[in-house]
Amino acid sequence: MTKHDFKFGSEVTEDLIIEPKYAHFRELFYYMFNYATMATYFWQWSHGPRESPDYGNSDKALDVLKQNGIPTRGHNIFWGVDRFVPKWVLPLSQVELEKEIEHRIHYVLNVTKGKLENWDVNNEMLHGHFYENKMNDPYYSHKIYKLVHQTDPTVKLFLNDYQIVANGTSVSSYVDQAREFKKANIPIYALGVQSHFDDYREPDPTLTLKRLDQLAVTGLPIWITEMDVVAADENVRRDWYETLYRVYFSHPSVEAIILWGFWGPKHWIGEKASLVSGNDYTINAAGQGYLDLVLKEWNTHVTRRLSSGKQFLVRGFHGDYEITIKYKGVPVVFQTFSLGKQYKEVNIDVTDIHAQVNIPTTSSPLIFHRPTVHHKIVTHQIYYQGRATSGDSSTVTCVNKWSAFSVIKDDQHVDVKCPQDYVLTGCSSLTKALTAKGDGTSVDTQNGVVCRAWNGGGPDNYNSPVHAFARCCKVTGLQCEYRATPKPSSSEFDIIVETKCPNNMYATGCAAHNWNRHMDGVYPTTHSCRAQNQDDFGGNWLYSICCNASNMHCQVKKSTFVSGHKIGDASVVSCGTGWTMTGCHGVSEDGDVSGSFIEGDKCLAFNGEMKTPGMAGSVAYATCCKIM
């Protein structure tokens with residue numbers, strides 16, 4: 001068996017299908033699923049002119065999916081919940097609104113014609129009634145569905161809603177709504193049942209099955225359109241997903257089970273709902289459980305020996321099949337067929353036992369090979385913030401200063417200054433819980449030179465404030481300039497922004513700040529600072545601490561020891577005899593560095609998120625200086 005008739009699918013977005021960096025995502029998707037939901041048509045978030053949004057990338061993605069044999073459904077044309085209606089639509093008059101609705105239907109169906117099999121036309125109508133209320137017509141959505149059908153009679157139309165089987169509060173209302181649409185002769189093909197189950201709560205198979213039976217009385221097929229469960233333990237998650245897949249796959253009215261994402265880094269909930277984890281695309285326990293069901297238990301693979309007869313009766317799952325006949329281990333016949341609900345007879349003629357045929361083969365997408373990283377480095381102009389001169393010392397002498405903890409709230413900061421006679425040569429930060437929830441650091445010179453650490457916020461960070469770490473040094477004649485980029489780096493995946501110190505000064509320390517926490521880290525070269533972006537949105541503000549003194553020489557030491565994958569695992573590097581550490585930083589190709597600081601003669605850079613085996617831990621960088 002090569003492909004199921006039953007639809008096992010997942011939600012995708014255009015970037016995952018067309019951008020080169022997600023090539024392995026696509027390999028896994030085509031291996032694991034045979035159906036997709038393209039969730040890029042939300043009216044409120046459409047880009048471009050409001051009368052004619054730009055769906056060009058979605059169009060390209062649909063072409064790629066079609067070329068790979070993946071049918072696709074569209075989500076969604078309208079969404080009647082008030083907060084998901086475009087703001088410019090809200091004040092329209094009835095006449096203006098009707099005109100815009102008609103225009104959107106014609107426009108969207110024209111750009112997707114022949115590329116989508118079905119549509120969520122007006123999403124979650126049990127929970128939002130904007131169009132009915134605005135038009136003063138309780139059945140206005142009937143008109144919307146009829147116009148969609150008239151515009152493209154080939155596409156199948158769906159209702160789609162939540163609180164149906166996950167908790168059942170709306171199941172009776174959904175049955176009533178389906179009957180209402182059928183009575184009005186609205187061409188509804190199926191009931192979309194979202195299936196977002198409550199976080200950390202085990203699904204009840206008995207209640208789920210009962211609710212499916214309630215829906216089945218409508219006579220409409222049932223599609224599970226947006227399924228996910230949430231469990232931090234991947235083994236528990238595997239069991240919960242398996243329970244639901246068995247209940248849904250066993251029910252005669254259910255035609256499709258579509259996840260609302262399966263890869264942790266791009267899942268709307270995150271790793272705790274995923275089948276595939278991390279940037280190395282590790283199949284976790286939940287994913288292995290899915291593969292065991294769909295590709296093994298619910299798949300048909302049969303071997304027969306022709307010496308025992310020429311006719312064989314085989315029971316198989318509905319779908320597409322390949323037959324290979326081998327003579328003395330060599331393939332001599334290759335044939336394909338499809339099996340549906342009816343009995344089928346397949347005849348195979350063996351005309352030449354010495355013929356050798358080529359059997360299509362593919363490499364396993366379950367093995368991820370990390371691509372060679374070629375970082376784009378962009379040098380930014382920097383502006384002068386200020387200068388400081390240290391007190392006298394015959395050797396490079398340094399002390400550490402810690403700030404208090406920050407307020408536990410997004411984008412709150414905390415500062416630390418150096419003591420008198422010392423100047424700031426290095427600036428870093430650390431989260432109290434060693435989790436990667438900080439927004440990084442910056443250098444501020446408005447009221448003296450301070451190292452500033454930023455809290456990253458977010459629901460998982462309420463018990464994890466950050467504090468700033470200042471490395472403060474002095475040596476006779478030591479002068480430091482503090483410089484910064486006038487704007488953040490561009491929103492490009494893994495782009496590196498670099499600032500060079502003037503007059504061949506040494507980069508004794510660096511700082512970088514990202515409002516969205518999406519930063520792989522910051523590190524020095526001998527005469528410059530670099531900050532690496534983690535994602536394709538947001539950018540990094542970069543700060544360079546540029547210092548020199550008579551006969552002072554500096555070098556950068558990079559740890560050869562990469563941290564482990566657990567939260568709090570550290571990469572460590574030292575300067576060596578005779579050298580003094582002036583700054584300490586950390587970077588990970590997969591991001592999530594929780595911070596760095598200097599302890600004794602060691603620079604420690606900490607891993608801030610649990611990572612899977614193929615992902616990169618943190619690497620420590622230290623700037624080391626001495627008087628020659």
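Among contacts in the chain between residues at least 6 apart in sequence, what percentage join residues at least 24 apart? It's 75%. Keep that in mind while we walk through this one, and remember that we're looking at a predicted model.

Okay, the overall picture. The chain has 628 residues, and 52% of them count as buried. Along the principal axes, the C-alpha atoms fill a box of roughly 95 × 75 × 40 Å. The accessible surface comes to about 28800 Å², and carbon and sulfur atoms account for 49% of that. As for secondary structure, there are 10 helices and 33 strands in the chain.

Now, the barrel. Eight strands close up into it, and the order is β2-β3-β4-β5-β6-β7-β8-β9, with parallel pairing. Going from one strand to the next, the twist averages 30°. A quick reminder if sheets are new to you: strands of a sheet pair through backbone hydrogen bonds, and they can do that either parallel or antiparallel.

Let's zoom in on a couple of those pairs. Strand β4, residues 72-79, runs parallel to strand β5, residues 118-123, and five bridges join the two. If you want a spot to click on, find phenylalanine 78, which stands opposite asparagine 122 in β5. Further along the barrel order, strand β7, residues 188-193, pairs with β8 in the parallel sense, this time over three bridges. There, valine 193 has isoleucine 224 in β8 as its bridge partner.

So is β8 itself enclosed or open? Strand β8 covers residues 222-227, and six of its six residues are buried, so the rest of the structure largely encloses it.

What about helices lying across these strands? Helix α3, residues 56-67, lies across β2 (7-12), β3 (35-38) and β4, and it runs at about 175° to β3. Then there's helix α4, residues 94-112, which lies across β4 and β5 and runs at about 165° to β4.

Next, let's compare some individual residues. Where does aspartate 439 sit? It's in strand β19, residues 438-444. Aspartate 439 counts as buried because its relative accessible area is 0%, and the cut-off for buried is under 20%. Leaving aside neighbours within four places in sequence, aspartate 439 has quite a list of contacts, among them Asp410, Trp454, His513, Arg517 and Met519.

Now hop over to leucine 313, in the loop between α10 and β12. Buried or exposed? Leucine 313 is exposed: its relative accessible area is 67%, and anything over 50% gets that label. Not counting residues up to four places away in sequence, leucine 313 touches Arg304 and Tyr343. And for a feel of distance, leucine 313 and glycine 600 are 287 residues apart in sequence and 75 Å apart in space, C-alpha to C-alpha.

Last stop, phenylalanine 312. This one is in the loop between α10 (285-297) and β12 (319-327). Phenylalanine 312 has 35% relative accessibility, so it counts as partly exposed. Which residues make the nonpolar surface patch of about 330 Å²? They are Val302, Leu306, Phe312 and Val314.

So, one thing to take back to the screen: find β8, where six of six residues are buried, then swing round to leucine 313, which is exposed. That's me done, thanks!

Notes
Residues numbered from 1 in each chain as written. Predicted model: local features only at pLDDT ≥ 70, side-chain atom pairs only at ≥ 80, totals over all residues. Heavy atoms only, no water. Patch = residues over 30% accessible without salt bridge, like charges linked within 9 Å, V, L, I, M, F, W, Y side chains within 5 Å. Areas by Shrake-Rupley, 256 points an atom, 1.4 Å probe, with all protein chains shown as cover. Salt bridge = Lys/Arg side-chain N within 4 Å of Asp/Glu carboxyl O. Helix = DSSP H or I, 4+ residues; strand = E, 2+ residues; numbered from the N terminus. Buried < 20%, exposed > 50% of the residue type's maximum accessible area, 1.4 Å probe, protein only. Pairing = 2+ DSSP bridges. Axes fitted to C-alpha atoms, helices over the stretch in contact; angles between N-to-C directions. Contact = heavy atoms within 4.5 Å.
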